[in-house]
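Hi everyone, thanks for coming. I'd like to walk you through one structure today, starting with surface charge and then moving on to aromatic rings.

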Amino acid sequence: MNQISFQSVGQTTTAPLFKKGERAMTADGREWVYVKANTALAKGSVAVPDAVTAVDTVSSSTDAQGRIVFITEAAAGWTPGQFADGWVVVDDGTGVGQAGRIKDNSADTLELYPEFAFATALAVADSDITIRTMGEVDKAAITSKVQSAVGIAQVAFAASDYGWLLTNGEGSVLAGEALVVGTGFVTGDDTTGQVVKATTAKGTYDEQALGIALVANAAADQLALVRVNIR
């Protein structure tokens with residue numbers, strides 16, 4: 001795993017310095033993931049993936065080496081680069097089940113990394129895709145305890161900022177109620193981005209455990225010291 005500096009994880013930028021989704025470790029052993037925040041994140045906010053993008057009736061084409069790496073939807077109107085380093089899966093029609101990582105995109109075409117080239121061409125008559133960009137995030141929604149959390153902000157992000165989220169190791173989280181030392185915490189507070197105590201006897205299908213509390217927050221809506229463990 002790449003190693004990054006403490007200075008890097010303590011700053012955000014308006015232009016990317018690393019690839020979205022890239023993972024790295026600081027010298028103290030903590031692990032991080034690089035993201036773009038589509039909405040502002042307070043320090044301690046839990047970040048979750050941006051909404052999926054579903055696209056119907058797409059076609060495919062090949063590069064100069066004959067590899068199927070281009071997927072086109074003529075009227076898509078995408079922002080160039082918005083899906084870079086995200087993932088696409090064919091979820092219906094010809095070529096269903098194929099998945100690959102996106103290298104870049106134009107207003108109407110996705111380009112896959114060559115190692116993820118499709119084996120079966122897509123048919124505009126019936127091939128449908130869904131795009132998931134784990135490297136573009138929003139604050140966790142209220143009430144839901146299963147949200148595919150990506151990481152926890154250890155500095156504030158402005159909307160559209162790039163920076164690092166903590167995925168493993170000691171850090172802070174905003175808690176909507178007093179956590180219990182040694183026990184877990186999950187999304188699901190009534191304030192976006194905040195966490196609550198995990199529920200006794202619940203498993204990963206019921207709640208996504210994000211880590212354990214090390215020092216409880218004194219009151220609701222405050223930072224607690226936790227050990228994060230998001231995989």
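Before we look at the surface, here is what I mean by a patch: residues with over 30% relative accessible area and no salt bridge, with like charges joined within 9 Å. Please keep in mind that this is a predicted model.

So, which residues form the negative surface patch? They are Asp56, Asp91, Asp92 and Asp126. Let's pick out Asp91, which sits in strand S8, residues 87–92. Asp91 counts as partly exposed, because its relative accessibility is 39%.

Now to the rings. A pair of aromatic rings is described by the distance of the centres and the angle of the planes. The count here comes to six aromatic pairs. Take Tyr34 and Tyr162: their ring centres are 6.3 Å apart and their planes are at 20°, so this pair is stacked. It links distant parts of the chain, with Tyr34 in strand S3 and Tyr162 in strand S14, 128 residues apart. Are these two buried or exposed? Tyr34 is buried, at 2% relative accessibility, and Tyr162 is buried too, at 12%.

Trp87 and Phe116 make an edge-to-face pair, because their planes are at 80°, with the centres 5.2 Å apart. Trp87 belongs to strand S8, while Phe116 lies in the loop between strand S10 and strand S11, 29 residues apart. Trp87 counts as partly exposed at 37%, and Phe116 as partly exposed at 27%.

One last picture: ring pairs link Phe18, Tyr34, Tyr162 and Trp164 into a cluster. Thanks, and I'm happy to chat afterwards!

Key
Residues numbered from 1 in each chain as written. Predicted model: local features only at pLDDT ≥ 70, side-chain atom pairs only at ≥ 80, totals over all residues. Heavy atoms only, no water. Patch = residues over 30% accessible without salt bridge, like charges linked within 9 Å, V, L, I, M, F, W, Y side chains within 5 Å. Areas by Shrake-Rupley, 256 points an atom, 1.4 Å probe, with all protein chains shown as cover. Salt bridge = Lys/Arg side-chain N within 4 Å of Asp/Glu carboxyl O. Lys, Arg positive; Asp, Glu negative; His and termini not counted. Charge placed at Lys NZ, Arg CZ, Asp CG, Glu CD. Helix = DSSP H or I, 4+ residues; strand = E, 2+ residues; numbered from the N terminus. Buried < 20%, exposed > 50% of the residue type's maximum accessible area, 1.4 Å probe, protein only. Phe/Tyr/Trp six-rings, centres within 6.5 Å; stacked < 30°, edge-to-face > 60°.
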